[in-house]
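Reader: Hey, I'm new to this one. Can you put it up and walk me through it?

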Amino acid sequence: MNQPRVDAYGVQVVWTDADDTEQTVPHDVVDAMHAVIGEPPADLDDVAAIVTRPGRRVPAGTVVCEDGTEREVDETLPADFPLGYHRLRQADGCERVLIVSPGRCWLPEDWRAWGFAVQLYATRSAGSQGIGDLTDLRRLREWAQDLGAGFLLVNPLHAVSPSLPQEDSPYLPATRRWRNPLYLRVDGLAPFAKDDLLDRDATWTAKRRALERQVDADDRDFTRWRMQQGASLRSYATWAAIAEEHGPDFRDWPEPLRDPDAPAVAAYAAEHAERTVFHSWLQWRVDHQLREASGDLTVVQDLPVGVHGGGADAWAWREVVADGVNVGAPPDQFNAAGQDWGSPPFVPWRLRVSGYEAFVESVRATIAGAGGLRIDHVMGLFRLWWVPRGGGPTQGAYVHYPARDLLDIVALESHRAQAIVVGEDLGTVEPGVREALTEHGILLYKVLWFEADEPAQWPAEAMASVTTHDLPTVAGLWSGADAAEQAGLRLASDDELAEGRKAQLEHLPGSHDSAADAVLGAHRLLAQAPSRMLCATLEDAVAAERRPNLPGVVERPNWRLPLPLEDVLDSPLARDVAATLDAAVRDRREGDGTAPG
């Protein structure tokens, strides 16, 4: 008997690998995945949240809308039914979450822009305190706007544990709902001496001391804001207070504190009210500085694929988080061993029954106050490669998610925030994913190093770039420095590295006499793309040779390489790159008759 490709638990038991070879997941791995997922209820489709659009069929009943009004529906939502998060009471007494979406993200027809990708922690200035901060972001935004930029794409700004050592990777946060106070510019704190590498521990230690002296728990604006944030902020602040004492992983805490609903947790929060107020106040300060830094420019914030398994979100939503597995990737042409990213996934059926609360809050919080969202590994809305904790990526399996529901939720949040959405669709992408993204108004992600077609052939509904934080910079590729670093780390043989470098160099047009010339040539080629967004990294804008991150290599100082802000602001190359992209965007606007974006 032929096995189904996706079983009742959502496990894809037959899949196609990067070499286009069909693979069957071993029975013991399937059984392990089933044990983690748990058996979905037989009546799942009758009790799970309904995600739909106006004009579509729904069960008959009474809808209690977000605003408190009630409306009767008779199997079809009216075309003018309000978008939002409602509750449906059915005749049989069942009450379900009803999410009504526009179906497409906010994406004005006349919007077209160019901008820079920014690793904010790296862009420290002469006035910053150890790492790049939100005041540096404001300076960078003003400079970019003066050059004609329409957006900045910023690394994830989400919070990590307040304990030491600090997590370096912005893609492994403790929460996707709250932001990292490490990015605060602290009044009265002198600028730090600049080392060759970023030291987050020293930065946080100094900033925390200074901030503890400045907190004003009685500030009326803070009190009002704190009340507006409700249970989500209380949960995070309580987790942060406990983490200061017991460490960053709630699974290592005393047993009574591992359940956020336990009486011991409420007692702890009451006893340590000063600390929970402090962590709440930090979030208020970050929110204020981020809004000032963003101004009226579109700042595209990054939504990581997951969070730390012992962090604030995993603690708060432990009922929907899978225990015993991490998210990763199977072996492919870029990583023969596969990858384990260290983040636990959501259990799909539990997410549906919960009304998608964890997903909604993560998207809403990341998109807030900035005007844009980049979804890291957007294929994860369709399926994720689950890796058994303690095993290797080759022992994993794909688990499928309710992609249409998740995409409609992204569209609703985009519509409400009036924010553009970009999906990072790099790597192995199953058939139908890109079509679904485009249908929902989510821009694709095109990268010069990966594409076989010339940029002029790339789609309009996309963000186009030369490279990313995980790939070689133009200067590093041109000079051979990136390949030399990989050789020093023994990541591949000299022949393999030479062959890979040669293949990537073929994407650069012509020959170049210098790294700066190669950078400009690459961006002149990029400028030919008809894509709505053209994006240059700051590393390329100053011809930096080292990429921010070399995936899976712990011996390297990933996420700790500084890129001084003054070097960026004073760079003639950065201005030339900006002028090249700005001219292309202006020409495209004039050619298609659109207004400036």
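Author: Sure, starting with one residue: H279 sits in helix α7 (residues 273–294), where helices (H or I, at least four residues) and strands (E, at least two) are DSSP runs numbered from the N terminus. This is a predicted model, in which local features need pLDDT of at least 70 and side-chain atom pairs count only at pLDDT 80 or more, while totals for chains, interfaces and linings use all residues. Residues are numbered from 1 along each chain as its sequence is written, and side-chain values use heavy atoms, with hydrogens and water left out.

Reader: OK, is H279 buried or exposed?

Author: H279 counts as buried, because its relative accessibility is 2%. Buried means under 20% relative accessible area, exposed over 50%, and partly exposed in between (1.4 Å probe, protein chains only).

Reader: And what does H279 touch?

Author: Leaving out residues up to four places away in sequence, H279 touches P162, Y236, A237, A240, A241 and E244. Contact here means heavy atoms within 4.5 Å.

Reader: What about S232, where is that found?

Author: S232 is in helix α5. With a relative accessible area of 15%, S232 is buried. Residues up to four places away in sequence aside, S232 touches R177, W178 and E361.

Reader: Which element gives the most to the largest nonpolar core?

Author: First, the core itself: of its 110 residues, W114, F116, W143, F151, W239, W449 and M533 touch the most other members. α5 gives the most to this core, with 9 residues. A nonpolar core is a set of buried Ala, Val, Leu, Ile, Met, Phe, Trp, Tyr and Cys residues joined through side-chain atoms within 4.5 Å.

Reader: Say I click on W143. What is it in contact with?

Author: Apart from neighbours within four places in sequence, W143 is in contact with F116, V568, L569, A574 and R575. Another core, of 64 residues, lies apart from the largest one, and its members include V325, V347, I442 and L444.

Reader: Switching to empty space: how many cavities of 30 Å³ or more are there?

Author: The structure holds 5 of them. On a 1 Å grid over the protein atoms alone, a cavity is a set of points where a 1.4 Å probe fits but cannot get out; a pocket is an open set with protein on both sides within 12 Å along at least five of seven lines; and lining residues have an atom within 4 Å of a point. Grid points are joined across faces, edges and corners, and a volume is the space filled by probe spheres set on the points.

Reader: What's around the largest cavity?

Author: The largest cavity holds about 290 Å³ of space. It is lined by 24 residues, and R176, V305, F346, F359 and L384 lie nearest its centre. That lining divides into 17 nonpolar, 4 polar and 3 charged residues. For those classes, Ala, Val, Leu, Ile, Met, Phe, Trp, Tyr, Cys and Pro count as nonpolar, Asp, Glu, Lys and Arg as charged, and the others, Gly among them, as polar.

Reader: And the second largest cavity, what's its volume?

Author: About 160 Å³. It has 17 lining residues, and those closest to its centre are A117, Q119, L153, Y445 and H469. β9 (113–118) and β10 (151–154) each supply at least two residues of this lining. By class, the lining has 7 nonpolar, 7 polar and 3 charged residues.

Reader: Any word on pockets? What's the volume of the second largest?

Author: The second largest pocket has a volume of about 420 Å³. Of its 20 lining residues, A231, S235, P260, D261 and A316 are the closest to the centre. The largest share of the lining, 5 residues, comes from α5. The lining has 10 nonpolar, 3 polar and 7 charged residues.

Reader: How many disulfides does a search of the whole structure find?

Author: It finds 0, a disulfide being a pair of cysteine sulfur atoms within 2.5 Å. C94 is in no disulfide, and the nearest cysteine sulfur, that of C65, is 17 Å away.

Reader: Why is there no bond for C105?

Author: Because the closest cysteine sulfur, in C535, is 18 Å from the sulfur of C105, too far for a bond. C105 is also buried, with a relative accessible area of 6%.

Reader: Last one: where is L508?

Author: L508 is in the loop between α15 (494–505) and α16 (515–526). L508 counts as buried, at 7% relative accessibility. Residues up to four places away in sequence not counted, L508 touches W449, V474, A518 and A522.
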